[in-house]
Amino acid sequence: FYDHGDGEENASIIWSDDNGKTWERSNDVPGAAAGGYWSSESEVVELSDGTLRMFFRSGQGVVCYSDAVRNTSGDYVFTKPVKTGVSCTSTCNVTAISYSKTIDGKQAILVAAPGGSGRANGKIFTFLVEEDKTLTLKNSYSVNSGTYQYSCMSELKNGTVGLLYEGSGIVYEDFDIADIAKGAAIGNIWCTDENGPVAEVT
């Protein structure tokens with residue numbers, strides 16, 4: 001993120017199309033002057049259509065994101081940020097991943113952040129990506145009930161979700177996706193009739 005000297009931090013991305021020989025920088029996530037708000041420590045996930053979705057720290061009190069899409073010149077351009085309406089302590093970094101398997105037949109994005117009451121009560125939110133690219137909250141999983149600050153999340157080879165976070169010290173925990181997205185169908189969904197499977201939805 002970058003401070004242009006106007007007292008507002010603004011997040012952006014850099015990218016390379018030639019294996020790191022040259023680099024380009026996107027525009028900022030639109031700030032207050034452009035009808036948005038300040039953005040800071042962030043993480044980017046890729047949607048199935050190639051859109052880059054950045055989840056970022058803000059002062060909005062909810063999980064927020066902005067999408068970067070490529071224009072005809074090949075530049076990534078961020079659109080006006082979106083408030084999901086899902087409450088969190090947004091004045092802390094967020095960590096996000098796109099899970100490797102579908103959940104309820106849709107692309108799933110996991111977002112971890114302090115759940116509220118300051119930097120405490122860690123949560124992992126399971127969002128499902130709808131056809132219009134909006135997000136639906138599938139589940140909110142409680143990580144802890146104490147201090148929860150900066151964090152980093154990753155999917156392990158066996159599908160387990162690993163989370164490193166500042167709690168009472170530096171804490172690392174593994175979580176089963178079946179617990180994080182409780183009650184959801186993980187991976188391929190089989191449609192059946194009285195004779196057995198008739199179709200597979202991926």
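Student: Which way do strands 10 and 11 run, and how many bridges join them?

Tutor: Keep in mind that this is a predicted model. Strand 10 covers residues 95–98, and Ile-97 has its bridge partner, Leu-110, in strand 11. The two strands run antiparallel, and the number of bridges joining them is 4.

Student: And on to strand 12: how many bridges join strand 11 to that one?

Tutor: Strand 12 spans residues 122–129 and runs antiparallel to strand 11. One of the pairs to look for is Ala-112, whose bridge partner in strand 12 is Ile-124. The count of bridges between strands 11 and 12 is 7.

Student: How many residues of strand 11 are buried?

Tutor: Strand 11 takes in residues 108–114 and is mostly covered. Ile-109 sits in that strand, and Ile-109 is buried. For the strand, the tally of buried residues is 7 of 7.

Student: Let's stay with Ile-109: what is its relative accessible area, and why does it count as buried?

Tutor: The cut-off for buried is under 20% relative accessible area. Ile-109 falls under that cut-off, so it counts as buried, with a relative accessible area of 0%.

Student: Which residues is Ile-109 in contact with, once its neighbours within four places in sequence are left aside?

Tutor: Strand 10 spans residues 95–98, and Ile-109 is in contact with Ile-97 and Ser-98. Strand 12 spans residues 122–129, and from that stretch the contacts are Phe-125, Thr-126, Phe-127 and Val-129. The list is completed by Val-45, Leu-47, Phe-55 and Leu-135.

Student: How far apart in space are Ile-109 and Glu-46?

Tutor: Along the sequence, these two are 63 residues apart. Val-45 and Leu-47 are both in contact with Ile-109. From C-alpha to C-alpha, Ile-109 and Glu-46 are 9.5 Å apart.

Student: Zooming out, what share of the chain's contacts between residues at least 6 apart in sequence join residues at least 24 apart?

Tutor: As a backdrop, the chain has 1 helix and 18 strands. Of its 202 residues, 43% count as buried. Among the contacts you mention, the share joining residues at least 24 apart is 45%.

Student: What is the radius of gyration of the chain?

Tutor: Start from the globule rule, which gives 17 Å for 202 residues. The chain comes close to that, so it is as compact as a globular protein of that length. Its C-alpha atoms fill a box of roughly 65 × 45 × 35 Å along the principal axes. The radius of gyration itself is 18 Å.

Conventions
Residues numbered from 1 in each chain as written. Predicted model: local features only at pLDDT ≥ 70, side-chain atom pairs only at ≥ 80, totals over all residues. Heavy atoms only, no water. Rg over C-alpha atoms; globule rule 2.2 N^0.38 Å. Buried < 20%, exposed > 50% of the residue type's maximum accessible area, 1.4 Å probe, protein only. Contact = heavy atoms within 4.5 Å. Pairing = 2+ DSSP bridges.
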